[in-house]
Amino acid sequence: MNALVEIIRHEIAEHGPMPFARFMELALYHPKLGYYEHDGETIGRGGDFFTSVSVGSVFGELLAVQFAQWLDELVLLPKGTAVESCNVKSLAPVPPHEPDSTTDDTDNMDRSASSSAESVVKKSVQEFKASQFSVNSLPGLLLHSQGGEGESQGHLESQRPLQIVEAGAHDGRLAFDVLSWVREHRPDLLQQLEYWILEPSTVRRRRQAQTLSRFEEHIRWFTSWEFIPLKRVRGVIYANELLDALPVHRLGWNAAEQRWFEWAVTWEKDHFTWTKLSAVTVPSESGSPRALACFDRRLAGRSEPPDRTLDGEVPDRGSVVGEGADHGTRGRVRSPFHLNLPPELAVALPDGFTIEVGPAAEAWWSQAASRLAQGKLLTIDYGLLADEFFTPQRANGTLRGYHRHHVSSDLLSQVGEQDLTSHINFSALLEIGAKSGLRTEALIPQSKFLTEIVKQIERSPQSFPPWTPARLRQFQTLTHPEHLGRPFQVLCQSR
Ligand SMILES: C[S@@+](CC[C@H](N)C(=O)[O-])C[C@H]1O[C@@H](n2cnc3c(N)ncnc32)[C@H](O)[C@@H]1O
């Protein structure tokens with residue numbers, strides 16, 4: 001039997017059925033045996049699933065262009081001033097283009113469009129110009145260029161450090177792509193830039209340090225938010241596909257009693273199986289319930305359970321701040337849980353209808369927001385608005401496993417060997433950010449977000465490597481609605 005199965009089985013024997021959030025926490029992040037602790041390839045062609053990062057360097061380079069513009073805005077304007085736009089072009093030296101040497105993982109993906117690089121990019125840009133994706137009629141991504149040549153240079157009055165904070169940097173590849181673009185195209189900005197990585201895993205930090213050895217002087221690691229002071233970050237805080245991999249509670253609807261129960265994991269004979277908890281163990285501070293409309297029903301809370309923690313771990317580098325991981329299921333306070341449904345939905349919801357609630361993602365967003373002094377907070381993830389979870393197609397929830405590029409609904413098998421992921425609740429994040437004083441800039445598909453950046457590059461093409469066929473295929477994969485363009489959403493809030 002796999003050692004992680006043995007550990008989980010033991011915890012169930014000692015404490016009773018395990019809320020799925022705890023099972024997911026151990027399966028993905030057990031300090032030695034969790035899925036994300038494997039040093040081998042889990043993401044990319046040789047792993048279990050693709051991410052935008054594994055497609056190639058274009059994703060990180062496009063993000064870098066956008067980050068540079070946002071950072072320029074901070075440098076140009078005094079603290080606390082709202083910004084509308086700024087000119088990247090005037091700050092960017094013009095380097096010679098380099099041949100494309102990036103790994104292209106798109107070979108086994110659909111390559112439907114076959115016209116020239118420029119025309120395909122232009123076509124996407126035109127399509128998106130005509131489309132409306134922003135929620136709340138928000139002003140978009142502040143990508144519009146204004147101001148003349150040299151104007152920005154003249155305003156570089158502040159040499160205070162700026163930060164890009166990436167959470168969950170996995171193998172460091174995205175950081176590498178972002179920093180490589182900055183070094184090549186904005187060496188002036190690199191001088192002022194600190195790249196902070198929030199990464200609880202010792203194994204991952206070691207791997208990231210290897211990938212990022214040439215940027216060592218710009219990088220600093222933190223193991224959790226608690227080591228970054230409040231309102232300390234002036235710049236960009238971002239995570240790619242992190243929040244959808246944080247532990248979630250799995251709730252089912254009891255139509256007869258008009259209340260939620262929680263799905264937990266137990267052990268029967270020789271395998272894990274599902275069992276129902278009559279009371280829900282989601283921490284009361286979870287934002288999700290508030291993200292739903294009011295319905296006056298309460299669920300009785302469970303008494304305080306034993307505090308289950310992951311093993312602490314000692315950082316292995318002098319530049320690492322903090323130790324140990326907290327994925328949000330540690331030290332839970334149990335209290336009455338409210339998941340309020342509008343009455344008309346409560347009576348119509350079929351028995352057994354399943355949803356996920358992600359207090360860990362919500363706590364993460366709240367902590368990130370509180371660290372941001374000035375700048376942007378960004379997540380790129382699978383996700384839905386609260387009411388989008390309640391459709392007949394999602395009656396079984398959004399949780400799924402990924403193993404060797406196959407989607408699995410068997411979440412309790414291959415423990416520590418498969419990725420587990422669920423859609424995040426953007427409504428909850430929007431509300432948490434707003435409570436923390438953040439403005440919402442956009443909630444848009446990745447396709448729209450990246451295409452807006454390409455529009456910016458079109459005004460200053462020398463600041464971006466040429467669209468070789470390989471790089472174009474990457475862009476198509478990143479923006480095609482059937483691949484990564486539509487499923488992934490970008491939420492951006494700012495202070
Ligand atoms: C789902 S991956 C992120 C994918 C990666 N950003 C990419 O684009 O390929 C998980 C990564 O997040 C890290 N991680 C897990 N929990 C975290 C947390 N609470 N804060 C920051 N990073 C975390 C893991 O150790 C691992 O490096």
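Biologist: A residue is buried if 20 or more other C-beta atoms, placed from the backbone, lie within 10 Å of its own. How many of the 13 residues of α7 are buried?

Modeller: This is a predicted model: local features need pLDDT of at least 70, side-chain atom pairs count only at pLDDT 80 or more, and totals for chains, interfaces and linings use all residues. Residues are numbered from 1 along each chain as its sequence is written. The buried set in α7 includes Phe176, Trp181 and Glu184. Helix α7 is largely enclosed by the rest of the structure, because its buried residues number 11 of the 13.

Biologist: How far apart are the end C-alpha atoms of α7?

Modeller: Helix α7 (a DSSP run of H or I, at least four residues) covers residues 173-185. At 1.5 Å times one less than its number of residues, α7 should span 18 Å. The end C-alpha atoms agree: they are 18 Å apart.

Biologist: Which strands are the edges of the sheet β13-β12-β14?

Modeller: The open sheet has antiparallel pairing; strands are DSSP E runs of at least two residues, and a pair needs at least two bridges. Strand β12 (residues 400-403) shares three bridges with β14, and glycine 401 stands opposite leucine 420. Pairing on one side only marks the edges: β13 (406-408) and β14 (419-421).

Biologist: Which residues come nearest to the ligand?

Modeller: The ligand has 21 residues around it, each with its C-beta atom within 6 Å. They divide into 12 nonpolar, six polar and three charged, with Asp, Glu, Lys and Arg as charged and Gly as polar. Nearest come Gly168, His170, Ser201, Asn240 and Ala245.

How values were computed:
A residue is buried if 20 or more other C-beta atoms lie within 10 Å of its own, exposed if 12 or fewer, and partly exposed in between; C-beta atoms are placed from the backbone.
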